[in-house]
Amino acid sequence: MRRKILGLLPLIAAVSACAGSDTRYPSLAMRSFEVNPPPSGPAQPPAPTRRVVDSATLATMVERAVTANTGFTRQQTDAARLARAAAGRPVESDARAAALVAMADLAAQRGETTSVLADLDELVAAASTTFAPTQEIETARTQVLELVNSQDAAMARLWETMGQ
């Protein structure tokens with residue numbers, strides 16, 4: 001019998017915990033901000049921007065890519081000469097080291113072109129979230145992408161010439 005009483009003690013404690021005072025619970029009465037909304041009313045979302053970038057900015061970006069491509073083309077001639085000289089040479093040779101430095105310079109020049117492409121990709125994303133027209137941006141992006149693709153192909157040919 002004593003065990004039964006001891007077994008009921010936790011149940012009695014739990015039930016008595018529910019019989020607390022009414023003042024411990026929050027009131028369900030309307031609060032002041034629920035009765036009187038703020039004077040300005042609900043916040044309105046900002047109006048979407050219809051234009052992300054203008055034509056002059058896009059032209060400047062394409063010009064940056066064209067300038068970087070011109071530098072790439074200028075360096076490509078020297079890199080091609082060095083790649084031919086390094087063909088079939090061991091990895092430790094000076095000819096191979098010079099060709100690798102020239103390839104690194106080309107990669108850096110390509111990086112300037114791909115930087116413009118990344119900026120244009122960012123503009124396309126921004127325009128798509130604001131429902132702004134993207135045709136001009138896509139046209140500029142296509143022009144820059146063609147430059148990047150030609151640079152990639154040139155570098156692949158040089159690596160092939162070197163034997164990598």
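Colleague: Is D119 buried, exposed or partly exposed?
Modeller: In this predicted model, D119 counts as partly exposed, because its relative accessibility is 28%, and a residue has to be under 20% to be called buried.

Colleague: Which residue does D119 form a salt bridge with?
Modeller: The partner of D119 is R64, and the closest N and O atoms of the two are 3.4 Å apart. Since R64 lies in helix α3 (residues 55-86) and D119 in helix α4, the salt bridge ties together parts that are 55 residues apart in sequence. R64 counts as partly exposed too, at 40% relative accessibility.

Colleague: And how many salt bridges does a search of the whole structure find?
Modeller: The search finds four, and one of them joins R141 to D121, with 2.3 Å from N to O. That pair links distant parts of the chain, as R141 belongs to helix α5 (residues 135-162) and D121 to helix α4, 20 residues apart.

Colleague: What about R81, where is its partner D78?
Modeller: Both R81 and D78 are in helix α3, three residues apart, so about one helical turn separates them, and their closest N and O atoms are 2.3 Å apart.

Colleague: Switching topic, how many residues does helix α4 have?
Modeller: Helix α4 (residues 94-130) has 37 residues and reaches 54 Å from its first C-alpha to its last, which is close to the 54 Å expected. After α4 comes F131, whose phi is positive, near 60°.

Colleague: And how many helices and strands are in the chain?
Modeller: There are five helices and zero strands, and of the 164 residues in the chain, 24% count as buried.

Conventions. Residues numbered from 1 in each chain as written. Predicted model: local features only at pLDDT ≥ 70, side-chain atom pairs only at ≥ 80, totals over all residues. Heavy atoms only, no water. Helix = DSSP H or I, 4+ residues; strand = E, 2+ residues; numbered from the N terminus. Expected span 1.5 Å × (residues − 1). Buried < 20%, exposed > 50% of the residue type's maximum accessible area, 1.4 Å probe, protein only. Salt bridge = Lys/Arg side-chain N within 4 Å of Asp/Glu carboxyl O.
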